[in-house]
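This report concerns charged side chains and their surroundings in one protein chain. The sequence and the structure are shown first.

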Amino acid sequence: MIQPLMPKATAVWLVENTSLTFDQIADFCGLHPLEVKGIADGDVAQGIKGMDPVASGQLSRAEIERCQGNPSTRLMAAESKYKVPPVQPRNGPRYTPVSRRQDRPDAIAWLLRNHPELTDAQVAKLVGTTKPTIQSVRDRSHWNSANIKPVDPVTLGLSTQIELDAAVQKAARKLERERKKADKAAGRTETLLPASETTAPAPHHATIAAPEVAPEKDESRKSYDADSVFAKLKDVKIEDDEE
């Protein structure tokens with residue numbers, strides 16, 4: 001969706017002059033709902049004068065009334081009479097107004113304390129500073145270290161919540177890739193046993209009955225019985241001959 005020319009100034013005007021929800025204003029202006037809430041609380045966009053999107057032709061009054069009656073709907077920008085070229089992303093550190101430059105050490109200290117996974121390049125891009133300044137805040141060699149207090153860069157207006165969330169997610173994905181790579185190099189795997197194996201009761205080992213040992217045959221008795229039989233037969237034969 002096409003965003004207004006001055007998103008933060010437009011959000012200030014919508015917060016002050018309409019009953020739209022934070023989500024509706026954030027969706028139309030391309031901001032984070034928490035950033036819009038900060039505008040309503042007076043913590044963000046201090047000193048920014050609101051810009052009427054109706055007067056500039058970016059939004060119609062009927063569209064505002066439609067969305068005020070149904071919080072689940074989203075604002076639709078009016079068709080512009082002029083073709084505005086798309087904003088090209090800038091490379092390098094962002095421009096920081098002179099009035100905000102003294103707040104950068106506070107923002108750097110907050111990022112280093114709450115998001116140590118961010119690289120110096122990411123911190124420099126978020127608050128528009130340099131790596132030597134980040135290092136001086138980290139090792140407390142900054143000329144104003146005694147007065148540096150960690151403050152959220154979104155609250156200071158040095159960065160948007162969307163940009164901060166994107167940088168944190170990118171750093172988290174990088175750490176996860178590095179961890180998996182280290183585990184793979186160390187030969188560790190992340191495979192787990194299935195639940196059917198870990199929760200199954202211990203199997204009962206069947207006992208094998210010992211084979212029955214057949215009673216040993218008394219060979220001597222067997223031979224004795226045979227001799228007695230032959231002896232008796234011999235005696236019977238002699239008696240028959242005598243008769």
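The text below treats the salt bridges, a charged surface patch and one backbone angle.

**Salt bridges**

The model is a predicted one. Side chains of opposite charge can pair when their charged atoms come close. Here the structure contains six salt bridges. Among them are the three pairs in the following table.

| Salt bridge | Closest N to O distance |
|---|---|
| Glu35 and Lys8 | 3.3 Å |
| Lys37 and Asp41 | 3.0 Å |
| Arg179 and Asp183 | 3.1 Å |

Glu35 is paired with Lys8, with 3.3 Å between the closest N and O atoms. This pair connects distant parts of the chain, since Glu35 belongs to helix 3 (residues 33-41) and Lys8 to helix 1 (residues 7-17), 27 residues apart. Both Glu35 and Lys8 are buried.

The salt bridge of Lys37 and Asp41 lies within helix 3, where the two residues are four residues apart and therefore separated by about one helical turn. Lys37 has a relative accessible area of 38% and so counts as partly exposed. Asp41 is likewise partly exposed, with a relative accessible area of 46%.

In helix 9, Arg179 and Asp183 form a salt bridge. These residues are also separated by about one helical turn, because they are four residues apart in that helix. Arg179 and Asp183, together with Glu176, are joined into one network by salt bridges that share partners. Is each partner of the Arg179 and Asp183 pair buried or partly exposed? Arg179 is partly exposed, at a relative accessible area of 37%, whereas Asp183 is buried, at 12%.

**Positive surface patch**

Which residues form the positive surface patch? The patch consists of Lys125, Lys170, Arg173, Lys174 and Arg177. Helix 9 (residues 161-186) makes the greatest contribution, supplying four residues. Lys170 is located in helix 9. The relative accessibility of Lys170 is 53%, and this residue therefore counts as exposed, because the term applies over 50%.

**Backbone at Arg140**

Arg140 has a phi angle near 60°, a positive value in a residue other than glycine. Where is Arg140 placed? Arg140 lies in the loop between helix 7 (131-138) and helix 8 (153-156). The relative accessible area of Arg140 is 59%, so the residue is exposed.

Note on methods. Residues are numbered from 1 along each chain as its sequence is written. This is a predicted model: local features need pLDDT of at least 70, side-chain atom pairs count only at pLDDT 80 or more; totals for chains, interfaces and linings use all residues. Side-chain values use heavy atoms; hydrogens and water are left out. Patches are made of residues with over 30% relative accessible area and no salt bridge: like charges are joined within 9 Å, nonpolar side chains (Val, Leu, Ile, Met, Phe, Trp, Tyr) within 5 Å. Accessible areas come from the Shrake-Rupley method with a 1.4 Å probe; for residues, only the protein chains shown count as cover. A salt bridge is a side-chain nitrogen of Lys or Arg within 4 Å of a carboxyl oxygen of Asp or Glu. Lys and Arg count as positive and Asp and Glu as negative; His and the chain ends are not counted. The place of a charge is taken as NZ of Lys, CZ of Arg, CG of Asp or CD of Glu. Buried means under 20% relative accessible area, exposed over 50%, partly exposed in between (1.4 Å probe, protein chains only).
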